[in-house]
Amino acid sequence: IASLFALAMWLSAEIHFTPTPYDDMILPMPVLHLSSLTANQRKILKALGEHRNFDKAAWRDRKDLMKDAEYIESRDQNLTMYKDELTMFSDDITPLIDMGLIEEGGNPERSIFRYWLTEPTGRYAAQYLRLESK
């Protein structure tokens, strides 16, 4: 079984679990080893996972996510005064977006950025990190 999982990862294939002839569930494949994430990247994923209703896609705006991931103390803070924190947040979240764990939306011209976990990889990573911290 382990060899089949490794082969599926190498081929970027989907793994289907069929417990009955009528059920077909796609098993999420990890896109990276979660231990390779930085502490801040882990905080971002946990913050998105803690406030997400897994039955519905829930967008989180940048200020809320920065507060919950402990980049800023309050959502009311003006981000123009926190350029270092904003730069650090951007540097930390960009690889998560590139790996397909997080999706970014919004209007960059108006500095409105929103984020949410992708299905199934982002959700899988967030749930794993949440369970790991218990």
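Which residue in S5 does Glu 103 stand opposite? That would be Trp 116, and the rest of this report works outward from that sheet.

A word on the model first. It is a predicted one, in which local features need pLDDT of at least 70 and side-chain atom pairs count only at pLDDT 80 or more, while totals for chains, interfaces and linings use all residues. Residues are numbered from 1 along each chain as its sequence is written, and side-chain values use heavy atoms, with hydrogens and water left out.

**Overall layout**

The chain carries 5 helices and 5 strands; helices (H or I, at least four residues) and strands (E, at least two) are DSSP runs, numbered from the N terminus. Reading from the N terminus, the order is α-β-β-α-β-α-α-β-β-α. There are 134 residues, and 31% of them count as buried, where buried means under 20% relative accessible area, exposed over 50%, and partly exposed in between (1.4 Å probe, protein chains only). The chain's accessible surface is about 8,800 Å², with 53% of that belonging to carbon and sulfur atoms; areas come from the Shrake-Rupley method with a 1.4 Å probe. If you take contacts (heavy atoms within 4.5 Å) between residues at least 6 apart in sequence, 49% join residues at least 24 apart.

**The sheet**

Back to the strands. S3, S5 and S4 form an open sheet of 3 strands in the order S3-S5-S4, with antiparallel pairing. S3 (60–61) and S4 (102–107) are the edge strands, each pairing on one side only. Two strands pair if DSSP finds at least two bridges between them. S3 joins S5 (residues 112–117) over 2 bridges, and S4 joins S5 over 6 bridges. Here are some of the cross-strand partners:

| Residue | Partner in S5 |
|---|---|
| Arg 60 | Tyr 115 |
| Asp 61 | Arg 114 |
| Glu 103 | Trp 116 |

Helix H4 (residues 83–98) packs on the sheet and touches S4 and S5, its direction making about 120° with that of S4.

**Ile 102**

What about Ile 102, buried or exposed? This residue of strand S4 has 2% relative accessibility, so Ile 102 counts as buried. Its contacts, leaving out residues up to four places away in sequence, include Ile 44, Leu 45 and Leu 48, along with Ile 93, Leu 96 and Ile 97. Tyr 115, Trp 116, Leu 117 and Thr 118 are touched as well. Leu 117 sits 15 residues from Ile 102 in sequence, yet the two are 4.6 Å apart, C-alpha to C-alpha.

**Where H2 meets H5**

Helix H2 (residues 39–50) packs against helix H5 (residues 121–132) at an angle of about 100°, with axes 8 Å apart. Axes are lines fitted to C-alpha atoms, for helices over the stretch in contact, and angles run from 0 to 180 degrees between N-to-C directions. H2 and H5 are therefore roughly perpendicular, a label for angles of 65 to 115 degrees (under 35 is roughly parallel, over 145 roughly antiparallel, the rest oblique). On the H2 side you'll find Arg 42, Leu 45, Lys 46 and Gly 49, meeting Ala 125, Ala 126, Leu 129, Arg 130 and Glu 132 of H5. By class, that contact has 4 nonpolar, 1 polar and 4 charged residues. Nonpolar covers Ala, Val, Leu, Ile, Met, Phe, Trp, Tyr, Cys and Pro; charged covers Asp, Glu, Lys and Arg; the others, Gly among them, are polar.

**Glu 70**

One last spot is Glu 70, in the loop between helix H3 (62–68) and H4. Phi of Glu 70 is near 70°, a positive value in a residue other than glycine. Most residues other than glycine have a negative phi. With 59% relative accessibility, Glu 70 counts as exposed.
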